[in-house]
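Visitor: I would like a close look at a single part of this model: its aromatic pairs. Please walk me through the rings and what surrounds them.

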Amino acid sequence: MEEPWDFEFLSRIADSCLSFLSEFVDDWLANDMRVCIFKILLSWLIVSLIAIHFAWKVYGNTVNDMYYRQGTGQNGGTPETASHLSGWEGKAGDTLKTHRD
C-alpha cells in the first residue's frame, strides 16, 4: 500500500524545481550585469566544448596513434618475458620450496 507522504515528497520536489526554473527565467530576462556575465561564460563553455569535439573528431586518431605502442607483444613493443630470465622454470637441480606446518 502506498504511503501518502510519497506523493507529498514528489509534489514538493516538483514544486521546488518549478519555482527554481521560474526564478531562473525571470533573472534571465532581467538583463542585469550578473545575467550578462553568466550568458558570456555559458556561451564560452558551449563554444569550447564544440571546438574540443570537432578537434577530437579531426585529430583524435593521430593523437591516439602517437601514444599507442606499435608492435607485437603484451604491451605493444614490450616482449612477453625478459630475454635474460627463463620465466617460471628453475634450474634442473633446484628443489622447490614447500610450506611446512
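Guide: Happily, and one term comes up straight away: accessible areas are Shrake-Rupley values with a 1.4 Å probe, and for residues only the protein chains shown count as cover. The accessible surface of the protein chain comes to about 10200 Å², with 64% of that belonging to carbon and sulfur atoms. The model is a predicted one, where local features need pLDDT of at least 70 and side-chain atom pairs count only at pLDDT 80 or more, while totals for chains, interfaces and linings use all residues. Residues are numbered from 1 along each chain as its sequence is written, and side-chain values use heavy atoms, leaving out hydrogens and water.

For the setting, the protein chain has 2 helices and 0 strands (DSSP runs numbered from the N terminus: H or I of at least four residues for helices, E of at least two for strands). Of its 101 residues, 3% are buried (under 20% relative accessible area, with exposed over 50% and partly exposed in between; 1.4 Å probe, protein chains only).

Now to the rings. Phe, Tyr and Trp (its six-membered ring) pair if their ring centres lie within 6.5 Å; planes under 30 degrees apart are stacked, over 60 edge-to-face, and the rest tilted. That rule gives 4 aromatic pairs. One of them joins Phe 24 and Trp 28, a tilted pair at 5.9 Å centre to centre with 35° between the planes. Both residues belong to helix α1 (residues 4-30), and because they are 4 residues apart, about one helical turn separates them. Phe 24 is partly exposed at 36% relative accessible area, and Trp 28, at 28%, is partly exposed too.

Phe 24 has another partner, Phe 38: this pair is edge-to-face, with 6.0 Å between centres and 85° between planes. Since Phe 24 lies in helix α1 and Phe 38 in helix α2 (residues 33-67), the pair ties together parts that are 14 residues apart in sequence. Phe 38 counts as partly exposed, at 39% relative accessibility. Ring pairs join Phe 20, Phe 24, Trp 28 and Phe 38 into a cluster.

A charge joins the picture as well: the charged end of Lys 39 sits over the ring of Trp 28, 4.8 Å from its centre (NZ of Lys or CZ of Arg within 6 Å of the ring centre and within 35 degrees of the ring normal).

Next to Trp 28 in sequence is Asp 27, which forms a salt bridge with Arg 34, the closest N and O atoms being 3.9 Å apart (a side-chain nitrogen of Lys or Arg within 4 Å of a carboxyl oxygen of Asp or Glu). Asp 27 is partly exposed at 33% relative accessible area, whereas Arg 34, at 56%, is exposed. Arg 34 also meets Asp 32 in a salt bridge of 3.9 Å, N to O, and Asp 32 is partly exposed at 31%. Shared partners thus link Asp 27, Asp 32 and Arg 34 into one network. The structure holds 3 salt bridges, among them one between Glu 8 and Arg 12 at 2.8 Å.

Finally, a UniProt record (unreviewed entry) annotates residues 37-59 as "transmembrane region"; such annotations use the numbering given here with shortened names, and may be inferred rather than shown by experiment. Over residues 37-59 the chain is 100% helix and 0% strand, with the end C-alpha atoms 32 Å apart.
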